[in-house]
Amino acid sequence: MSDLIREPEREFDGEEEPAPGAVGSGRSRLVRRRRALLAVAASAALVACGGLGAAGLVESPAERAADTAPPPGSTLTAEAAMKVLTRSTVTRGQVYPPTRYDVTPASSSPEITQLYVSALAVKAGDAVANGQLLAEVSGRPLFVLKGAVPAYRDLKQGSSGSDVAQLQAALADLGHGRGSDAEGEFGPGTASAVTDLYRQLGHPAPTGGAAAKQAVDAAKRAVEADQRTVDDLKSRQTPAPAVPSAAGASAAPPEQTVLPDLAAQLAQAEQKLSDDKAALARAQEADGPVLPAGEVVFLPVLPAAVTAVNAAVGVPVTGPLLSLTSGDLVVTGQLTPGQAPGITPGMTVEILSESTGTVVRGKVAELGPRTTTAPAGRVIAIGGAAAPPGSGTAAGSGGAAAAPAAPAAPPAAAYVPLRITPAEPLPAALSGQNVRITVQRSATAEPVLCVPVAAVYTDATGRTAVTRIGSTGRKVTVPVTTGVNADGYVAVTPVQAAQLQPGDQVVVGR
């Protein structure tokens, strides 16, 4: 054995093992023994590792209970603070223009047989001012002037009335005076102003047309004929005989005398001449500059905004070509019947657009009667021709077939309209938006000590109290009286002032 230990080790080289008793047989037994020991050690290591892994997967009952137990309780606190508390009501509201004008062009001349859009001078979103061109329809201009009453007739020399005065005022704003014309009288001065306006628009001023021209020619021929008749009658007058003077010389040239029947004819001829001259003047006025109702859009407030352009160049006019809105935007809140009581005119209002972040303040103007109609402004149709009753076509549609009736919408919930006066004009970007409206019903005059509503409770003795957390974590019950409740906070007054101060932590839950 000692020989085996002293002998150096040699690994088996893979050759056949020597037979027993042969040289080297002791060495082979030693190699086999080492291999066996290594195999046993490896097996033990594997078993040990598997045991450790299994032990990690096995959970004791105590460990399982600890894992499923609820987390240790924690106290939720909030800070007592000084705040101005405002009682408010929050609702939704709609922003919209007070009036929308749907403009449908009309033919301004019997020579126009079909209306087509020949040019567009504006697009949606543009602002238009007094005297601005909107479009051209069948080669004629469509423009806007300032005026409260839409055009309802053609205006020309000889016209008079409040609509003429409205035209004169709009022209004066553009620098075109009425000359010697009286207010409300369309005379030569107003005609000249209309001509100048059309010149600025790049179009000739319309006149009475061929019929008016023919009327002027006919009136001129009548006046000429009347003048010849009067001259002829006067030439047929007979001279009276001369009366000699005392000195034998003749007196002054004798006056002509007219026979009674000839005198009557002359008077009639002169009257007819006067009447035909007046008719000629009227015919000449009718042949002068005309402002057709189909070419002008009067709006009471300018500038106005273009909200829609409903056709393109080259397209026939089959309805409203343009939609314009005039005047500042308005907003109407929609209060539920339960929110309305207690809200009165004069209360402060905050208007918030969530999409733009815009905030505008205002005042409650009035509360309207309960309704189910969605808030919206008026729609006024300008121009075009009304469809015959029962025709099923829209005004100015040119006979287009009516669309099938839409299914009836479900009845809307009743609400109380809250009309608001903004402190400043609402931005144009808010038009059509649904906004949040906050009505401030009341507010404390100055900051008050307040805590979250959840911090206030009634203890076993019936006292209203809050629980204050001391600097060492000790909980102290502080009796209080409560005041205004708003925005999730309530004003509190501790029975003993020193027991609750701003900055103290109070319990609001666990």
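**Entry 1: confidence**

I began with residues 386-406, where pLDDT stays under 50 and the model has 19 contacts beyond four places in sequence. I note here that this is a predicted model. I then turned to residues 1-23, where pLDDT also stays under 50. For that stretch I found 15 contacts beyond four places in sequence. Where pLDDT is low, the predicted coordinates should not be read in detail, so I left such detail alone.

For the chain I looked up a mean pLDDT of 81, with 74% of residues at 70 or more. Confidence is lowest in helix H1, residues 2-6, at a mean of 41. Helix H4, residues 162-173, has the highest, at 98.

**Entry 2: the chain overall**

I listed 7 helices and 27 strands in the chain. Of its 510 residues, 32% are buried. I looked up the exposed area as well: about 29600 Å², of which carbon and sulfur atoms supply 57%. Among contacts with a separation of 6 or more, I found that 71% are between residues 24 or more positions apart.

**Entry 3: the open sheet**

I followed an open sheet of 4 strands, ordered S5-S7-S8-S13, and noted that its pairing is mixed. Strands S5 (117-120) and S13 (296-299) each have a single partner strand, so one side of each has no neighbour in the sheet. On average, neighbouring strands here are turned by 20° against each other, direction ignored.

I next checked S8, residues 140-146, against S13: the two pair in the parallel sense over 4 bridges. Within this pairing I looked up valine 144, whose bridge partner in S13 is valine 297.

I also looked for helices against this sheet. H4 lies across S8 and S13 and runs at about 90° to S8. Helix H5, residues 188-201, lies across S7 (133-137) and S8. I read its direction as about 120° to S8.

**Entry 4: the barrel**

I traced 6 strands that close into a barrel, in the order S3-S16-S20-S18-S17-S21. The pairing in the barrel is antiparallel. I noted an average turn of 40° between neighbouring strands of this sheet, direction ignored.

I picked one pair from the barrel for a further look. Strand S16, residues 330-335, is joined by 4 bridges to strand S20, residues 416-422, and the two run antiparallel. I looked up threonine 332 and found arginine 419 opposite, in S20.

Methods
Residues numbered from 1 in each chain as written. Predicted model: local features only at pLDDT ≥ 70, side-chain atom pairs only at ≥ 80, totals over all residues. Heavy atoms only, no water. pLDDT = per-residue confidence, 0-100. Contact = heavy atoms within 4.5 Å. Pairing = 2+ DSSP bridges. Axes fitted to C-alpha atoms, helices over the stretch in contact; angles between N-to-C directions. Buried < 20%, exposed > 50% of the residue type's maximum accessible area, 1.4 Å probe, protein only. Areas by Shrake-Rupley, 256 points an atom, 1.4 Å probe, with all protein chains shown as cover.
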